[in-house]
Each structure stands twice: as structure tokens, then as C-alpha cells.
Amino acid sequence: MDVTNQTHVEINLKAIQANAITLKKHTGSKLFAVVKADAYGHGVIPVAEALQTIADMFAVATVNEGIELRQAGIQTPILILFSPLPDFAIDIVNYELTTTVDNWTLAEQLNRITIDRNKNTQSTNIKKTKIHINVNTGMNRCGVGYTEADKFIKELKSLTLLEIEGIFTHFATADEEDKSFAYLQLDRISLVYKKTRDIPFKHVANSAASLAIPESHLDAVRPGLSLYGIYPGNDKPITLEPALSWKARVGWIDFIEPGEGVSYGLTYRATNRIRIAGIQVGYGDGYPRALSGKGEVLIGGFRRPILGRVCMDMMVCKLELTDKVTVGDEVVLIGKQENEEIGVDEIADHVNTISYEILTNISKRVKRIYT
């Protein structure tokens, strides 16, 4: 138990490595490890360092996320999954990032800056900027329309300092029971692939498709959530190990009498004399306020209910009179304690959201401890 922080998360890097190896073996494809949003709240630099010898490429959402990895010494290829604004072209070239392109303006800017860079170097070897093409097959949030992709790619080939290394799409429903639309998207991208056989990397599979749609594995897969040991849907053909545990500490213990309330608004009132514990964590740390009055934590190996509203820095739970709990004792918000476990999915279900949001909302003031 970390004694320097009131709340912290523990990240098991070996679990992330094991999950990556398992996914790579299961799919038989190259692994583009998705580490955007601070590696889904797990800490992007330690995670990337742990996966350097396993991942064939890292995938991020923004240019700044890619720069952060480069400045940390990560030399593995880095793919920006979304087409950035043309203003970022100079950073993409300077930091040797591979970017997604879905518009001509960005492509021209990248080509122009790459030409200038080659003019300003002493090397006789021409260095191109690698790009991937995002094809919109029905998710309709970005990308080149699948009926226009072949024409767009042919036009891009006139920009001689760009190297089209990959072409991909993203599934909208691969994590749902009904995968008919996912297969429709796969059919649409396959029509594009037939006309672009010379492009090295064809990739479509997110975590859900990596687990449930073998036909989608192609040259590479792009797992995100599953790297961290969480299943995106009900398909569980392989064993994954959750990598993150979130812990806090008991900060205060007392009794309250019948009729007394707890926390802001006194939304909970005791009907009999009970023992309660204040826990030093709250929505300022990223713990969902929506769990007020309905969430649970683990103390001493037992589930204990949250009473009243979750505050910014504290919350209160009910103890049994027989609980042997003292100030400073460990509280588990996510993870295992003795024979009990609270998973990320359970918390997400309680607040009607998804596990991705729970993980990425854990704030920076919650210290990450790596094991």
C-alpha cells in the first residue's frame, strides 16, 4: 500500500505485455498498439516502454500525443489515427510521425514540407513522409468515402514525397451482438483493398473485431481496450488480465445516530445507529459522482455501500459494526481484495457509460504506481 498518497492506481505492466502477446498470437497479425488518451489512463510512457519490443506500431489520436512519445525516446513507428489540421504538418515531418490523411490540403502541406526538409539536409537519400488513408465505410465521423477512396489515392500518388503505407477503416458496431453492419463495412473496405494491393498495411480490427471477427485481422490489428485487460463486448475467446487497480484509504471513522444524514444535501439518512467511514477520494480524482448512493467499495475483503453524495475529494461508506477497520486501511475502488472484485465494467454499468470513460477520467492527481 502506497503511504504517500491518499489515492493511487497500480498498473501491472507485465499484464499489458501478456495481453499484447496473447492478442498478437490470437490474430496472427502485426500489432498496432493503441495508446491514445494517456494509454487509456494507464500512463502512456511506461506503457509504450513496456510494449516497445512487442508492438509493431503505436497509435495515438493527436500529433501532440505522438510528440510526447518521441520526446520520451520511443523510436517505434507512431500512427496518428485522425487526420490532423494542416498546421501540424511541420511537426509530423520533423518528429517523423506517420499520419492519417483524409483531405488534399493536409496531403499537399505534408508533401511541401517534406520537399523542403530534404533540400535542407546533407543526405543524398530522399526521406518520404509515411501516411495512412482513413476510409469512411459507414461510421460517418471522418475519412474519405469508400466510393471515392480509389480516386483519392491515385491523386495522392502525384505527391512524390508521400509514401502511402497503410489504408484502414474503423468499425462502428463490432462490439455489439449483431455484427451485420460490421460485416457490411468489411465488404466495403474490401472493394477498396482490391484496387490498392500495393499498399503494405491494410488494417480494420479494433479490440472487439480482433476478438470476434477473424476475417478482419488482415495485415495488422489495432487493439486498445483489450491491451489493458478489458473486454469490449461479450466475446471472450482469449484470456486477458486487467492491468489497473484503483485504491484509496480510510480517512475517518465515526458513528451516526438515527435520523442523521451524510454528505452534501443529506440525501442519505440513517434509520438506526450505524458506523461510517470517510474515504479520501472523489470526483476530483475521476471517481464518478453518479455512483452517489449506489456504488460499492471493498474494505477488508467485503463490499461496502457508498452513502450519500460523492464529493470532490471525499466520499462516505457504511461499515458493519463487526468490521475491523482503522484509519489508513486500504480501500479498493477498482480491482481485487481477498475474494472480492469490482471491475471497471461493473462501475461503468452502474453509471450508464462505458469502461473507456471510467479509465480515461481518472485524473492526473491520482498517482500511477507501476509494478
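In which helix is the place of Ser210? Keep that in mind while you load the model, and we will get to it at the second stop.

**Before you start**

This is a predicted model, in which local features need pLDDT of at least 70 and side-chain atom pairs count only at pLDDT 80 or more, while totals for chains, interfaces and linings use all residues. Residues are numbered from 1 along each chain as its sequence is written, and side-chain values use heavy atoms, with hydrogens and water left out.

**Stop 1: the whole chain**

Show the chain as a cartoon. Its secondary structure comes to 11 helices and 20 strands; these are DSSP runs numbered from the N terminus, with helices being H or I of at least four residues and strands E of at least two. The C-alpha trace spans about 80 × 50 × 35 Å along its principal axes. Of the 371 residues, 51% count as buried, where buried means under 20% relative accessible area, exposed means over 50%, and partly exposed is in between (1.4 Å probe, protein chains only). Among contacts (heavy atoms within 4.5 Å) with a separation of 6 or more, 64% are between residues 24 or more positions apart.

**Stop 2: Ser210 and Thr99**

Now select Ser210, whose place is in helix α9. Ser210 counts as buried, at 0% relative accessibility. Leaving aside neighbours within four places in sequence, Ser210 is in contact with His26, Thr27, Ala205, His217 and Val221. If you like to check distances, draw one to Ile80: the two C-alpha atoms are separated by 20 Å, with their positions 130 residues apart along the chain.

Ile80 also turns up around Thr99, so select Thr99 next. Thr99 is found in strand β5 (residues 98-101) and is buried, with a relative accessible area of 0%. Not counting residues up to four places away in sequence, Thr99 touches Leu79, Ile80, Phe82, Pro84, Ile92, Leu110, Lys130, Ile131 and His132.

**Stop 3: helix α7**

Select residues 149-156, which form helix α7, and colour Ala149, Asp150, Phe152, Ile153 and Leu156, which are buried. These residues sit on the same side of α7 because they cover an arc of only 160° around the axis, the arc being that of the directions from the helix axis to the C-beta atoms. An α-helix has 3.6 residues a turn, so residues three or four places apart point the same way. The buried residues of α7 pack against β5, α6 (104-119), β6, β7 (144-145), β8 (162-168) and α8 (180-193).

**Stop 4: strands β15 to β17**

Show residues 296-299 (β15) and 302-307 (β16), which run antiparallel and are joined by four bridges. Strands count as paired if DSSP finds at least two bridges between them. Glu296 has Pro305 in β16 as its bridge partner. The hairpin of β15 and β16 has two residues between the strands, and Gly300 there takes a positive phi near 60°. Add β17 (residues 315-319), which pairs with β16 in the antiparallel sense over two bridges. The partner of Ile306 in β17 is Cys317.

**Stop 5: two exposed loop residues**

Most residues other than glycine have a negative phi. Select Asn140, which has a positive phi of about 60° although it is not a glycine. Asn140 has its place in the loop between β6 and β7 and counts as exposed, at 59% relative accessibility. Then go to Glu338, which is not a glycine either and has a positive phi of about 55°. Glu338 is found in the loop between β18 and β19, and at 64% relative accessibility it counts as exposed.

**Stop 6: the largest pocket**

Where should you centre the view for the largest pocket? Among its 42 lining residues, Lys36, Tyr40, His170, Asn206 and Tyr356 lie nearest its centre. A pocket here is an open set of points on a 1 Å grid over the protein atoms alone, where a 1.4 Å probe fits, with protein on both sides within 12 Å along at least five of seven lines; lining residues have an atom within 4 Å of a point. The largest pocket holds about 800 Å³ of space, a volume being the space filled by probe spheres set on the points, which are joined across faces, edges and corners. Helix α11 gives the most to its lining, with four residues.
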